[in-house]
Each structure stands twice: as C-alpha cells, then as structure tokens.
2 protein chains.
Amino acid sequence: MFEAAEVGRSVTKQEYEHEVAGLRERLLEMQTALRSADFPLIIVIGGVDGAGKGETVNTLLEWLDPRYVETFALGTPSDEERERPSYYRFWKALPPKGKIGIFFGGWHSGPIVERVGRLIRRDEFESRLNNVVAFERLLTDDHAVLLKFWMHLSKERQRKRLRSLEKDKQQRWRVTPTDWAHFEMYDRFAEVSAHALRRTSTVAAPWTVLEASCRRYQTLTVGRMVEAAIRTQLAARAAAKTATARGAAETPAVVVASEPVQPPEAAVAVANSGVTILSALDLSLTLSKHQYEARLQASQSELNRLARKAVKRGISTAIVFEGVDAAGKGGAIRRITGALDARQYRIVPVAAPDQEERRYPYLWRFWRRLSRAGTITIFDRSWYGRVLVERVEGFCSPAEWARAYGEINDYEEQLHRHGVVLCKMWLHIDQDEQLRRFQEREQTAWKRFKITAEDWRNREKWSSYEHAVNEMIERTSTEIAPWTLIESNDKHHARIKVMETLCAALEKAL
Amino acid sequence: MFEAAEVGRSVTKQEYEHEVAGLRERLLEMQTALRSADFPLIIVIGGVDGAGKGETVNTLLEWLDPRYVETFALGTPSDEERERPSYYRFWKALPPKGKIGIFFGGWHSGPIVERVGRLIRRDEFESRLNNVVAFERLLTDDHAVLLKFWMHLSKERQRKRLRSLEKDKQQRWRVTPTDWAHFEMYDRFAEVSAHALRRTSTVAAPWTVLEASCRRYQTLTVGRMVEAAIRTQLAARAAAKTATARGAAETPAVVVASEPVQPPEAAVAVANSGVTILSALDLSLTLSKHQYEARLQASQSELNRLARKAVKRGISTAIVFEGVDAAGKGGAIRRITGALDARQYRIVPVAAPDQEERRYPYLWRFWRRLSRAGTITIFDRSWYGRVLVERVEGFCSPAEWARAYGEINDYEEQLHRHGVVLCKMWLHIDQDEQLRRFQEREQTAWKRFKITAEDWRNREKWSSYEHAVNEMIERTSTEIAPWTLIESNDKHHARIKVMETLCAALEKAL
C-alpha cells in the first residue's frame, strides 16, 4: 500500500514557483465554477504524525477563496455529539453543494485509532469500515467529489524527523512524549491503516497515498488534484445532464445515469509524475556468478523442502509473475521449477482471453484455474493484465479497470482466507537494458521467436505502462498480498531475489 | 421484510391461462434476443421449505428453450470444491453472456443456514454477507442481470401445509421429521434471512419477496419479471452504447457509464399487482367509544410511565408517522403528546425540503434533527418522503429513490445501534373514507385549511402511491425497524393501535 510513497519524490523550489502561479489561477477559476455547480467537494486528509497535513491544508487555503471552504478537525466528540449516532458530527459538518469541506482524519481516523489501540475488536473494526464505505457511497452517489489523501512517511523518515526536531533548540518543544509513543506504534498503525485504506478505496472515492518527504511536492499534488477533480466532475455532470435529456426524449424507460468516475488518468498521473516506484529502483544491483551459484543451490534446496512440507499440509501457493517484456520471467520460472517435482506445480501462461473467456467477467478464467490443495500454480502474467495491458491498450473501459483494483483485492482476500500463499513479483529492467535484450534476441536464432512487432510497440508506451504499474502497486500491494519488486537488469540478482522471496513467503505461511 | 408477502395474492386458473400463452411467446422472444446480447441472466431462488421453488423453476423451464438454461442446486461441496475458496463453485457455474443460469439457494443459503444453525458467529455472518454483496456487484457491474426471488410462506401456512400433507395418504411420505424440525426453527430462520435479505438487497440486485400461497401467481410473476428484466437490460445496453459512442466523439475525457438499474417500475409492479399489503388490510376494524376511552386512558398512563423511564435511562425514541392524506396522523399524534410532558418530546413536521436543505443529500435534514438523549421525536412524515411523494411525483430520479431503500436502512441501523427506539407507523384509510373526510373538511370552517388542491391531485395518484407504499414496506420493514400498519377507517381503532404499538416498542427496548 505504502511502497509507492517511499521513493523520494520531490519538486525543486524553482519548479514549484513556476507551477504555483498558474495553478492558483486555475484553482480559483474552478472554485468559482463550483459555487454554482450541483455538487460539493469534500477533502479528507489522513496520515501519520508530522507528515505535513496542516501545512498542506494551510497552503491550499491560501490558494483558494477561504469564504467557501470550511475546515474541520473533529477531535473528541462533545456531549452533544455523543448523544447521537457517531456520524451525526460528520453530517452536521458536510459542505453544501457548491462549497468545499476539508476534514482532518475524516470518518476514518476513529476506527483506525481505536483499532490500533485495541479498543475495538476486528469484527467491530470491519463493521465500522462498512459504515465508512456506505457513507462515502451515499455522498458520491449524490455527486459529491470526494478526494482522500493519505500523507505517508516511512518509518526511517519519521524517526529522522523526530530526531532532527529534538536537536533543534527552536523546534524541540514540538516533540512530545506522545510523538515517540506513537512512533513506537508505527508498524501497527501502518498495518491497520493499510487495511482500512484498502477496504475504503472505491472507484468513486479512492485514496491517494502521498509521499510526505517534500512539502512542495505534496502541496502541488493536492492542488493539482483538487483542480482536476472539480474540472472532471463539472464535465461529467454536464454530460450526464445532456445524456439524461436525450435519454428522456428517446428511451423513456431506461435510465442512463452517470456513474461517479474516479478522477481521470490525467489527474491521477499528477501524483505519479516524475519519480515512480519503478524509477526509484536500484537496477545496478548485481551478483557475481560465484555468489549466484551458491545462493541458487541453497535456495532451491530450501524451496524443495518447503514445497514438500506444503503438499503435506495441503497448502496451495499461487506465484504471480508480472514484468516488463524481456525482464526474464521465463528464466526465473525455470529456476523455481528446477527445484520442484513436476507433479507439484502447474504453469499457467496468460495471454489475451479467448472467445469463451470473453463471455465471462475477466476474473472467471483465473477462478477456474485454481488448483487443488497442495499445488503450486505459477502464473506467467495474471489477472493484473486488466490494470496493465488492458488499461494501457484501451481493451477495457476506464470504469472497468478502475473497479478492477477492488475486485482483485477481494479475489486475493478470498485466496488468502482459504490459506493460499500468494507471492506477487514484478520483474523490472530499464529501457536501455530492454533494448539490449531485444537486439540480442533478434540476433540469436533460437531466441528470435521471443521477439515480435508487438514487443516493439509496447516499448513505445513505456511511460503509460510505468504509470499503470505504479498505480497497480499503490492499489494492490496489500497487507495480505504485497508486491515484491525485482530489480532485474542483472539476471543473477533477479533470480536469487525471486527464489528467496518465494522461500520467505512459504516459510512465513508454514 | 416479509409482511408484504403474507396478504393472500392469487391468480385464478382462467387469468393464468389467458396470460400464459402470450407470456411464453414473449419469453422465448426475449431469450432469443438474449443469446446475442453481451450479458447473462442469473436467477437466484431462495426461500422456505415447501414454497414451491422447484415447481416454479420447472414451469419456467417449460416456457423457455432449455438448451440455453442451466440449473444448479449446489448441495454439500465436493472434495474438489472444498480445496478451493468457497466461491469457486459459483464461478465455475456462472452462465456466459447470452445464457441463463438458475441457482437454487444461490450463494446466500450457505451463510443463512450456517447462521441459523449457529455454526458461524454474527461477525463471520456479516463478513460472508459482505462477500455476497461484492460478488453480486462484480456481476452486475459486468452487466449481468441478477434476479433474486425469495419464496415466502407465513408460519401459519407452513404449519397448515405440513398438516394437510400428513393427512393425505398419497402425500404423507413427503413430510419427513426434518421438515418438522425445520418448522420448529421457523422464527429463527425468518429473522436470519430477513437480515440477509436486507443486507444483500442492492439497487442493482434487489430481492423480490414472493408470496408462495398460489403457484399460479408465483410462476406468472417470475415469468413476467424475467421477461421484463431481459427487455430492460437490452434497452439499457443499447442506450449505453449509443451514449458511449456519442461521449467518445464529443467529450473524450468523461465516462458516462450506464449504471445497472433495477428492473423498471413496470416490472416490479407486476409482483405487486392485484393485492397489495394495503389492500389486504381489514379496514372494518372498529372500537366502541366506551372501549376506546378505557384503553386510551390505560395506554396514555402506560406511555407516560415508559417515557419517564426512557428519559432516566437516556434512551431516545423516534416515532415515524406516514400515511394517506386525511388518515388521522394529527389526531394520533395529539393522543401521544397528551400523555407526555412538553419537555420530553419534539414534533418535526416534514414538508418539501427548503432551499438550504436541497443543497445536501436528502437525509441531511433528518440527521440534523436528531435530538439529544432521552427525547421523543415525532416525525409527521419523514425521510420516507424520498420513496413516496418524491418517487411518485418524479421529484427525484428512479436511480435516486431506488438506492434510497438501502440508504434509509443504513440510517435506521445507525439509530438502532445507538440505542434509539424506532417506531414506524403507516396510517391507512380507503378511497371512500378519504373522500368522505375530504368533503367533511371542506364543509367545516375550521377544518377547511387542512384541505388543498394538492390533496385532490394526490388522490388521483392513489394506485401509484399504493405501489410505492407496498414496495417501501417490502424493502424497509426490517428486523430492527419494522413497520406497523394502522387500519384507520375507524379513528378509535387507529388511535388505540398507535398508542399500544408505541408502548409495546418502548416496553421491549427498556
């Protein structure tokens, strides 16, 4: 969930100043248009201590006309509030159509904080998250634009921040014992919030996890997304009205309603601009041949041991391989199967759906292929095609790939609950390395079949794929089924990391 | 939930035969059109033992071309199935686009049966119902038409049915000890399924509760709804494609997706045709003046006692009055307030939303009006306006009132969980009695203000209102907040039933 927000994104002072002038103007223009629109804008700001939530909102308020914005930091409920159901305070604070409401912590922080502190049980937590989803659904069904930002700091950065504040005489007072107490809970807080974010990220109201390492980057991203979100919804409402008017004239019995769509790709891309989780990978990692051989042998024998244990215990494993073309998925898979008995595993190569498969929801072919207890299934590409190739190539609609994140998370949750070990790996190489490998393939007779015109075409869409991968990891690297990124410029390093990741996942589950 | 399916709906043999010929033809026509459409039809049949589930499906299969229909009665999972997550079997059985799949029990009966037998805890039950909703959402998002029928028999009818089978020598073998054992669990089964139905009734896939007293009525209704549902979805898909094509040409950035809509009013109305829960009321109930006065005094003093107890314990009460114009809401309310101290209660008369209120989701004004602990709030009309006057008069869109059932149930669940006692009453009179009262009002100087041109206009929409009320009760009479219908042709009877219903609700909660 948070990996994609630990890659060191930043914006220079110069870039920032250059951008802000125009952005402020556009923001005011959008805010003016919003005032006579039939929807409000609701912004939720969540995240860890010291992630600049206040600063970001303060800057945003400087940019906007504050007369039409209300900000709420709802702390402990008052007597008045405690005598009503818990959502009373949020309803009371809702902005009317045409206005902007900013909620620190939103309706999410209550359940998260209480769960972190073990004041509520797991089932109560789930039921509270259900309430969150129902409430947000009601708002977005009523056309509200709901932008939810989660400001994230890695544990290391959080520690550094507290230390550096303590060293500074002027700032020392800012660090309270509570801050350190919270820091001690960092891991638990991260785990609970990752779960809450996954459960409450919907197509109409997805979370945006924002890296809080650079205030300029953070503020600029929030500003741009606010602008884009208002602009998109204004257009969507106008289009819906036209469609309804037309629909009413032509087919009175049918309601063509405008589905609340997520901010369009353009707006989301803003948050991913510059650095992505992929561009932040250290692809220079290598392993000598000697080290490689030693560790390969060790990990293969370990895998063999673990796989036999899994068979005995009836535990299935699903290994998902995704990655850039020519990143070496085949080679990595052979290193795995080399350690296994042929009866233990199945390889499922995934290409475009065939005619039969297209007659079902896209997850159908993966449900069918679930193997019996104790088997290892290796997916050479997978259900993630929906949010990668199908998204980038336009084989499915934006509404379809947008809702696929939630559907995939639900699917994997069902596998997880059934006890299936899930191991998802993205094999990555950079563009130069890919070019080198493509050329090598073309020059090697027995590798030539591996390279097609399509590979060259995909290569041209490198940056679209990079954005799609970044979002995929942001949305589907969950606490129950995390992604592991494999730096693959060096095949030795890649294969060993694959083997050791898999062994660790099995070890943990057994 | 089930009240609206205990009113004795039936279809004569003659009506049935007259209708069936045409229906079969239209069904086959729709099935043929479906075969080349881009969606499947999925029918779920649930309900109590002996409610004619099998018979109904058998007749439906006679009417359809069985080559394009598959029926599944998924019993105990096989070894094969147990080795996969529980939805594997449903995925495996899904009909492809263009075909029809009929599921006895569907994915609902597992959680219901296990909860009835206390094999799973409440939280596990809730989480399984979440899975149901997510699964169905995925299907309908993918444009599947999902029709869910719940065949209902009242406890009395169930008992009679078993007894009469036992008396018949030819049929006696049909009644097993298991049947009687199930019958013993009737109330628990009804409570658990009412909850499951409420939680899994969504706009895109609502439950239709069908009275199982008359097979002809049952089969005809299923047949008509199948026909209407296919017809509607064919039109919706065609409209969506046109809209998308237009949208693509005109506003490429905006996605106007077709929201899966519920079968249109026309189709739903079928299930309500003829008898409704209102027409089945015995409006001839009366109470002599003497009885009235004695019981009024008794219930007022009881109410006074209970209300003081509620104040002490900080328990709030919300009383919802809805009803036909001139049914006597005002008089009933005065009998309640006559028993109370003015500081204990508030009356909230609900008219059309004002300009400020229209700038928020429609539930906003009711959230705001929640009073503090220990208060009794009397709503003279309520949030149900959304699915009554706003629906019938077209003040909101079909999509808006259709999703209001779920939103209202969520709202009332939040009140209930907070400990608020909810008492919802529908005051009903027939058309003759209304006319008499209207005329009387016009002729009485001090009552004349009560009657307006609007009342006469509403009267013309009597049958639309009757359908809307029937559906409202079907969808929002829940195990936590049931509706009570008050036969109000006789004011004495009505007022006493109101008082005693309220006292009983308070008594139960205190």
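In the predicted model described here, His143(A) has its place in the loop between helix H6 and strand S4 (145-152) of chain A. The phi angle of His143(A) is near 80°, a positive value in a residue other than glycine. Most residues other than glycine have a negative phi. With a relative accessible area of 18%, His143(A) falls under the 20% limit and therefore counts as buried. A positive phi also occurs at Arg118(A), where the angle is near 55° and the residue is again not a glycine. Arg118(A) belongs to the loop that runs between helix H5 (109-116) and helix H6 (122-141) of chain A. Helix H6 thus borders both loops, that of Arg118(A) and that of His143(A). In contrast to the buried His143(A), Arg118(A) is exposed, because its relative accessibility of 59% is over the 50% limit.

As a whole, chain A contains 20 helices and 10 strands. The C-alpha trace of this chain spans about 70 × 70 × 50 Å along its principal axes. For 510 residues, a compact globule would be expected to have a radius of gyration near 24 Å, and the 25 Å found for chain A agrees with that expectation. Of the 510 residues in chain A, 56% are buried. Among the contacts in chain A with a separation of 6 or more, 82% are accounted for by residues 24 or more positions apart. The accessible surface of the chain comes to about 22200 Å², and carbon and sulfur atoms contribute 51% of this area. Chain A carries 78 positive and 69 negative side chains, and the centres of these two sets lie 3 Å apart.

Helix H7 (residues 155-167) of chain A holds a salt bridge within its own length, since Glu156(A) and Arg159(A) both lie in this helix, 3 residues apart, or about one turn. The closest N and O atoms of Glu156(A) and Arg159(A) are 3.4 Å apart. Both partners are partly exposed, Glu156(A) at 40% relative accessibility and Arg159(A) at 26%. Gln158(A) is found in helix H7 as well, but with a relative accessible area of 5% this residue is buried. Leaving aside residues up to four places away in sequence, Gln158(A) touches Val48(A), Asp49(A), Leu153(A), Phe183(A) and Tyr186(A). Gln158(A) and Ala51(A) are separated by 107 residues in sequence, while their C-alpha atoms are 8.4 Å apart in space.

Over all chains, the count of salt bridges comes to 86. One of them joins Glu55(A) to Arg215(A), with 3.2 Å between the closest N and O atoms. This pair links distant parts of the chain, as Glu55(A) lies in helix H2 (residues 53-63) and Arg215(A) in helix H10 (residues 215-250) of chain A, 160 residues apart. The two side chains are partly exposed, with relative accessible areas of 47% for Glu55(A) and 26% for Arg215(A). Salt bridges also link Glu19(A), Arg26(A), Arg224(A), Glu227(A) and Arg231(A) into a network.

In chain B, a salt bridge is formed by the side chains of Lys92(B) and Glu81(B), at 3.8 Å from N to O. Here too the pair links distant parts of the chain, with Lys92(B) in helix H4 (residues 88-93) and Glu81(B) in helix H3 (residues 79-82) of chain B, 11 residues apart. The two partners fall into separate classes of accessibility, for Lys92(B) is partly exposed at 43%, whereas Glu81(B) is buried, with a relative accessible area of 12%.

Contacts between the two chains are illustrated by Gln414(A), which is found in helix H16 (residues 398-417) of chain A. When residues up to four places away in sequence are not counted, Gln414(A) touches Trp367(A) together with Pro85(B) and Tyr87(B). The relative accessible area of Gln414(A) is 19%, and this residue is therefore classed as buried, the limit being under 20%.

Methods. Residues numbered from 1 in each chain as written. Chains lettered and ligands numbered in written order. Heavy atoms only, no water. Helix = DSSP H or I, 4+ residues; strand = E, 2+ residues; numbered from the N terminus. Rg over C-alpha atoms; globule rule 2.2 N^0.38 Å. Buried < 20%, exposed > 50% of the residue type's maximum accessible area, 1.4 Å probe, protein only. Contact = heavy atoms within 4.5 Å. Areas by Shrake-Rupley, 256 points an atom, 1.4 Å probe, with all protein chains shown as cover. Lys, Arg positive; Asp, Glu negative; His and termini not counted. Charge placed at Lys NZ, Arg CZ, Asp CG, Glu CD. Salt bridge = Lys/Arg side-chain N within 4 Å of Asp/Glu carboxyl O.
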